[in-house]
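Subject: Handing over a structure, with notes

Dear colleague,

I am passing a structure on to you, and I would be glad if you looked it over before reading my notes. The notes come after it, so that you can keep both side by side.

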Amino acid sequence: MNRMTIQEVQEYIENNKDASLIDVRETEEVKAGKIPGAVNIPLGLIEFRLQDIDKSKEHIMVCRSGNRSGQATRFLESQGFNVVNMDGGMLEWEGPTE
């Protein structure tokens, strides 16, 4: 499984304005704040929303601590997607939120 640190994700977002982030937390969790531009697809819905994920792009998977996003990363990799897990999750995120 590919991984990025919080710092690597922050640098990646700064240098790639079309970066794709998928936040797999529950909708209620996301209401407390998410990384600007991240799309919320709760982990339990990932398998039903594959058509909404562009297979031609790299996606950074985000959750609260990095555990659920790791599960999503492994699942999406098995489906042929190019995905990276953000280690540490929103608990360690120090960048802006919306």
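What follows is an account of what was found, beginning with the sheet, going on to one residue within it, and ending with the side-chain pairs.

Please keep in mind throughout that this is a predicted model.

The sheet

The strands form an open sheet of five, in the order 1-5-4-2-3, and their pairing is parallel. Strand 1 and strand 3 (39-40) are the edge strands, each of them pairing on one side only. As general background, strands of a sheet pair through backbone hydrogen bonds, and they do so either parallel or antiparallel.

Going through the pairs, strand 2 (residues 20-23) is joined to strand 3 in the parallel sense by two bridges, and here D23 is found opposite N40, while I22 stands opposite V39. Strand 2 also runs parallel to strand 4, with four bridges between them; in this pair L21 has I60 as its bridge partner, and S20 stands opposite H59. Strand 4 is in turn joined to strand 5 by four bridges, again in parallel, and I60 of strand 4 stands opposite V84 in strand 5.

Strand 4 (58-62) is mostly covered, since four of its five residues are buried. Helix 3 (residues 67-78) lies across strand 4 and strand 5, and its direction makes an angle of about 165 degrees with strand 5.

In a regular strand the side chains alternate between the two faces of the sheet. Strand 2 can be read with that in mind: S20 and I22 point one way, L21 and D23 point the other way, and all of these residues are buried.

One residue in strand 2

Which residues does I22 touch, once those up to four places away in sequence are set aside? The list consists of V39, I41, I46, I53, H59, I60, M61 and V62. I22 itself belongs to strand 2, and it counts as buried because its relative accessibility is 3%, where the cut-off for buried is under 20%. The C-alpha atoms of I22 and N40 are separated by 5.8 Å, although the two residues are 18 places apart along the chain.

For another view of distance along the chain and in space, you could turn to E8, which is found in helix 1 (residues 6-15). E8 has a relative accessibility of 40% and counts as partly exposed. Its C-alpha atom is separated from that of E47 by 27 Å, and these two residues are 39 apart along the chain.

Charged side chains and rings

Side chains of opposite charge can pair when their charged atoms come close. In this model the count comes to six salt bridges, and I describe some of them here.

One of them is formed by D87 and R3, whose closest N and O atoms are 3.0 Å apart. D87 lies in the loop between strand 5 (82-86) and helix 4 (89-92), whereas R3 lies in strand 1 (residues 3-4), so this pair ties together parts that are 84 residues apart in sequence. D87 counts as partly exposed, at 27% relative accessibility.

Another salt bridge joins E28 and K31, with 3.1 Å between the closest N and O atoms. Both partners are on the open side of the scale: E28 counts as exposed at 59% relative accessibility, and K31 is exposed as well, with a relative accessible area of 61%.

A further salt bridge is the one in which the side chains of D52 and R49 meet, at 2.5 Å from N to O. Here D52 is partly exposed, with a relative accessible area of 46%, and R49 likewise counts as partly exposed, at 26% relative accessibility.

As for the rings, how many aromatic pairs does a search of the whole structure find? The answer is zero. There is nevertheless a charge to note beside a ring, in that K55 lies over the face of F81, at 5.1 Å from the ring centre.

With these notes the structure is in your hands, and I would be grateful for any remarks you may have.

Best regards

Definitions and conventions
Residues numbered from 1 in each chain as written. Predicted model: local features only at pLDDT ≥ 70, side-chain atom pairs only at ≥ 80, totals over all residues. Heavy atoms only, no water. Phe/Tyr/Trp six-rings, centres within 6.5 Å; stacked < 30°, edge-to-face > 60°. Lys NZ or Arg CZ within 6 Å of the ring centre and 35° of its normal. Salt bridge = Lys/Arg side-chain N within 4 Å of Asp/Glu carboxyl O. Buried < 20%, exposed > 50% of the residue type's maximum accessible area, 1.4 Å probe, protein only. Pairing = 2+ DSSP bridges. Contact = heavy atoms within 4.5 Å. Axes fitted to C-alpha atoms, helices over the stretch in contact; angles between N-to-C directions.
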